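The following exercises are to be worked with the sequence and the model at hand. Each task is followed by a solution in steps.

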Amino acid sequence: MSVLTGRVPRAFLLPVMLGLGALSLASASAEPAPAPQAEAVPEQLIAAGLPFGFYVGDEQQPTTSRVAKLGSDITFPQGRFDGALQGLSGKVPITGKLAIPVTSSYFVSFRFMPATGTVELIPDGDATGTVEVKTGPTTNCKAVGTNLCGDSDVTSKVFIKLSNVKVDGRTLDVGPDCRTAQSAVVNIKALIPLGFPAPSVRTTSTFSTPGFTGCGVREDLSPLLTGLVSGPGNTLVTNLKLRCVGSGPPPKGCGS
């Protein structure tokens with residue numbers, strides 16, 4: 001279950017740039033006004049770390065994890081990824097925190113038995129990775145509609161926690177500490193716009209869900225849940241939408 005839910009990273013993610021330009025004005029000769037140009041980045045910000053934020057999931061593509069063993073999808077509410085881009089030239093490091101709200105899921109176990117539960121994605125440290133910044137209208141930035149973009153390669157690690165589990169309408173008391181023994185590793189690679197206006201970018205990742213531990217109050221239910229859910233081939237699909245960049249005021253800046 002490429003699952004990331006909960007607070008973090010949810011997963012993760014990504015880059016961004018500061019929008020500061022203005023629309024060109026029509027000339028005195030009454031010629032038509034030129035089309036808006038990509039916003040420029042001040043030189044003093046190129047070498048500095050830039051705060052940025054992305055929405056994770058939108059109406060067109062919410063964050064959805066496919067659990068391979070169950071053949072079922074888990075859909076999460078919109079989350080956020082907030083981080084820092086260390087420069088806007090060449091390949092630069094990126095760090096960030098993924099936060100995805102908890103969600104309730106429904107699936108069919110053993111191919112006939114309905115089950116429900118609450119899924120939470122708990123970050124295991126910050127997301128980390130790199131972004132290779134690209135500029136200019138003739139680069140592959142055209143694919144995302146801006147003159148500034150970045151090839152991102154970001155890894156987020158999250159524990160998958162289960163609670164409020166019911167099978168065939170009956171409570172399965174998994175206790176308060178039922179989660180994967182190790183964190184699931186989700187790697188996201190995407191070409192991302194670093195300037196406004198910024199379109200949403202769809203990303204797809206494949207990951208493995210580790211075995212569960214700490215499940216069960218009266219009996220150990222960890223082997224049961226591991227058998228039902230854990231394994232390779234899970235997918236995570238989401239849209240990333242640039243929310244803010246830089247320390248300026250909202251809506252384009254990430255400052256308060």
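**Exercise 1. Place T238 in its strand and describe its surroundings.**

T238 belongs to strand β15 (residues 231–245); helices (H or I, at least four residues) and strands (E, at least two) are DSSP runs, numbered from the N terminus. The model is a predicted one, in which local features need pLDDT of at least 70 and side-chain atom pairs count only at pLDDT 80 or more, while totals for chains, interfaces and linings use all residues. Residues are numbered from 1 along each chain as its sequence is written, and side-chain values use heavy atoms, with hydrogens and water left out.

Step 1. Determine the accessibility. T238 is buried because its relative accessibility is 0% (buried means under 20% relative accessible area, exposed over 50%, partly exposed in between, with a 1.4 Å probe and protein chains only).

Step 2. Find the polar partner. The T238 side chain reaches the backbone nitrogen of G57 at 3.1 Å.

Step 3. List the contacts (heavy atoms within 4.5 Å). With neighbours within four places in sequence set aside, T238 touches residues including V56, G57, Q61 and P62, as well as V201, R202 and T203.

Step 4. Identify the bridge partner. T203 is paired with T238 in β15.

**Exercise 2. Analyse the two faces of strand β13 and its pairing with β15.**

Step 1. Sort the side chains of β13 (residues 201–209). V201, T203, S205, F207 and T209 point to one face and are buried, whereas R202, T204, T206 and S208 point to the other and are not.

Step 2. Establish the pairing (at least two bridges found by DSSP between two strands). Eight bridges connect β13 with β15 in the antiparallel sense.

**Exercise 3. Trace the pairing that involves strand β8.**

Step 1. Start from strand β5 (residues 90–99). It runs antiparallel to β8 (residues 127–135), with seven bridges between them. G90 faces V133 in β8.

Step 2. Continue to strand β9 (residues 148–167). β8 and β9 are antiparallel and share eight bridges; T135 has L148 in β9 as its bridge partner.

**Exercise 4. Characterise the aromatic cluster.**

Step 1. Apply the criterion: rings of Phe, Tyr and Trp (its six-membered ring) pair if their centres lie within 6.5 Å, and planes under 30 degrees apart count as stacked, over 60 as edge-to-face and the rest as tilted. Two aromatic pairs result.

Step 2. Examine F52 and F54. This pair is edge-to-face, at 6.1 Å centre to centre and 75° between the planes. F52 is buried at a relative accessible area of 2%, and F54 is buried at 1% relative accessibility.

Step 3. Extend the group. Ring pairs join F52, F54 and F81 into a cluster.

**Exercise 5. Decide which residues of helix α2 are buried and why they share a side.**

Step 1. List them. In α2 (residues 222–229), S222, L225, L228 and V229 are buried.

Step 2. Explain the arrangement. These residues lie on the same side of α2 because they cover an arc of only 130° around the axis, the arc being that of the directions from the helix axis to the C-beta atoms. An α-helix has 3.6 residues a turn, so residues three or four places apart point the same way.

**Exercise 6. Locate the unusual backbone geometry.**

Step 1. Recall the rule: most residues other than glycine have a negative phi, and most peptide bonds are trans.

Step 2. Inspect N164 in strand β9. Its phi is positive, about 50°, although N164 is not a glycine; N164 is exposed, with a relative accessible area of 58%.

Step 3. Inspect P250 and P251. They are joined by a cis peptide bond with omega of about 10°, and P251 lies in the segment after β15.

Methods:
Polar contact = N/O pair within 3.5 Å; in protein donor to acceptor, adjacent residues only side chain to side chain.
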